[in-house]
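Look at the structure below and keep it in view while reading. The text goes from one pair of strands to a whole sheet, then to a helix pair, and last to the way the chains meet.

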Amino acid sequence: MRRALSDTLVIAERNLIRLPRAPELLLAFTVQPVMFVLLFRYVFGGAIRTPGYAYVDYLIPGIIVQNIAFGGFVTAIGLNEDVHKGLIDRFRSLPMARPAVLAGRTLSDIVTNALSMSILLVTGVIIGFSFHSSVSDAIAGVALLLLFGYAFSWFFAFIGLLVSSPEAANSVGFIAVFPLTFISSAFVPVASMPEPLRAFATVNPFTVVVDEIRHLWLGAPHGSLWGSIAWSLGIIAVFAPVAVARYRRAAGQ
Amino acid sequence: MAADGDESAITVRGVSKAYGDVQALVGVDLDVARGTVVGLLGPNGAGKTTLVRILTTLLTADSGTARVLGLDVQRDAARLRERIGLAGQYAAVDENLTGLENLTMVGRLYGAKRSAAKARGRELLERFDLVEAADRPTKTYSGGMRRRLDLAAALVAEPPVLFLDEPTTGLDPRSRLSLWEVIETLVAEGTTVLLTTQYLDEADRLADAVAVIDHGRLIAEGTTDELKDRVGGERLEVRLDADADVQAAVRALAPMSDEAPSAEGTLVQVPVRVRNGAIVEAVHRLSEADVGVDDLALRRPTLDDVFLALTGHAAEDGSGEPAP
């Protein structure tokens, strides 16, 4: 057990060391989300009605949830490269704990997600965002976001092991997650959508989590902490086992 | 460990493996004695890598048994992994990590503390002539440097048995030579090596014994000299002038061999019984027959020749080239 933990940390450390040396990845979760924030705030923001809140307050929780769900793409791309470049073979020939490669991978995503969340929060504050809640609620929101992001890392781990190239991992992840984040309360109130979309948006985990973050950070009503946690754990419960199974298969060929 | 005793380092019995309909290995038997180098020879897709992957616990055989250092590759996989090293043809190092970071990571995954892993990494970088590149990401390394680092990674835990899967494929001649020297040093220190290669000269230089594998079957074992003898020794190759009489050349050379010469375009080939004087005799016979010669040489058998001799028409089957 101790060995599994230390191997996981070695792999996580390795993922973090290499990150600054892949500038295109670094850009993807630093500059890109900031660009999105500015576009939404200043281009769309004026046209979107968010009763009771300034749009910037409404937007920041939504865009952070979207961004953190995508954070796992580093895992998808990284795992895919590791399979193709023979590193998974190297790891499997070592007397290391078996689950450490996937566990270390998803663990390092928590660090990168925390980093990109900080960048977004700082950007948000600069353009007018502020918390309307207690410090403990604000921190609870951060913790929930990291959990939700961690759940999506397992989804992306599965995608990364499923597809044939890093590029494909990126686009499959994008196609799967992008509509989910837009047909939700992340950027516009669900009430403004036509009926079939509204029904979908209401049950969409992104809506559940975004609403809960708004509850924790802005004091908005209609949040569901347990619903958010249940979705996160549910996603882990589905994708962690299939990712592990896929890892065994991908590595056994 | 008692199980180690004096038995052979690697014992393979009746190992088979299929991928769907494709039989990658069919009932392979192999023995590698301790402290020796065995070269596993064969063309691409012959099953060499599959066998290495089974022996390094990366892949499970469908049937048969394999032991390395007395440890069963399946049942004792975890213990076995502490005692083997694997270096592959794809140079499995993290290209965004430096040479030292790569080796330190591997050392820690063997269970060493960070400081010990780092010290061992530095030692290996020195040994493999990579000290100057130690703190550069390996994506800046040349192909030869990457292979050396990959080999160094396989040696982190000083494994008594080393698996090298096509260690020099795609390398330039100088890098090849320097990698060969490194491997020779390891062997001199007592490491047992199973090496796969497509090159007979590599097996010639490094291996004590050779096993030839084709279409998943082990078709021959022995020293490289024994294999070449089975091919029938050396061969005379004569390139005729464009307007020369090929049939006259074939008739002129026929008495030099037990086998009939073969002709392909202006190229006439004939296996020779006696090396000494073969060239002089051929020149003499051809000039008497008044056949114009462009070039003439004695050729040592290559792996292709060994293959052709051992597998008959398998070379055609394997390459899938249609007959003209």
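Two strands are said to pair if DSSP finds at least two bridges between them. In this predicted model, strand E3 (residues 37-41) of chain B and strand E9 (residues 209-214) of chain B meet that condition, with 4 bridges in the parallel sense. One of the residues involved is B:Leu40, whose bridge partner in E9(B) is B:Ala211.

This pair belongs to a wider sheet. Which order do the strands of the sheet follow? The order in chain B is E6-E7-E8-E3-E9-E10, and these 6 strands form an open sheet with mixed pairing. Strand E6 (84-87) and strand E10 (217-222) of chain B are at the edges; each has a single partner strand, so one side of each lacks a neighbour in the sheet. From one strand to the next, the twist averages 15 degrees.

A helix also packs on this sheet. Helix H1 (residues 48-55) of chain B touches E3, strand E7 (161-165), strand E8 (192-197) and E9 of chain B. The direction of H1 makes about 150 degrees with that of E8(B).

Chain B can also be viewed by its domains. The domain assignment gives domain 1 (10-229) and domain 2 (234-299) in chain B. Taken over C-alpha atoms, the centres of domain 1 and domain 2 of chain B are 43 Å apart.

Chain A offers an example of helix packing. Helix H4 (residues 55-70) of chain A packs against helix H8 (residues 135-162) of chain A at an angle of about 35 degrees, and 7 Å separate their axes. The crossing of H4(A) and H8(A) is right-handed. Which residues of the two helices meet? From H4(A) come A:Ile64, A:Val65, A:Ile68 and A:Ala69, while H8(A) brings A:Leu145, A:Phe148, A:Gly149 and A:Phe152. Sorted by class, this contact has 7 nonpolar residues, 1 polar residue and no charged residues.

The remaining topic is where the chains touch. How many residues of chain B are in contact with chain A? There are 23 of them, and they contact 19 residues of chain A. On the side of chain B that touches chain A, helix H2 (77-81) and helix H3 (99-109) of chain B each supply at least two residues. The largest share of that side, 5 residues, comes from H3(B). By class, the side of chain B that touches chain A has 13 nonpolar, 5 polar and 5 charged residues.

Key. Residues numbered from 1 in each chain as written. Chains lettered and ligands numbered in written order. Predicted model: local features only at pLDDT ≥ 70, side-chain atom pairs only at ≥ 80, totals over all residues. Contact = placed C-beta atoms within 7 Å. Nonpolar A, V, L, I, M, F, W, Y, C, P; charged D, E, K, R; others polar. Domains from an automatic or database assignment. Axes fitted to C-alpha atoms, helices over the stretch in contact; angles between N-to-C directions. Left-handed = near helix turned anticlockwise from the far one by under 90°.
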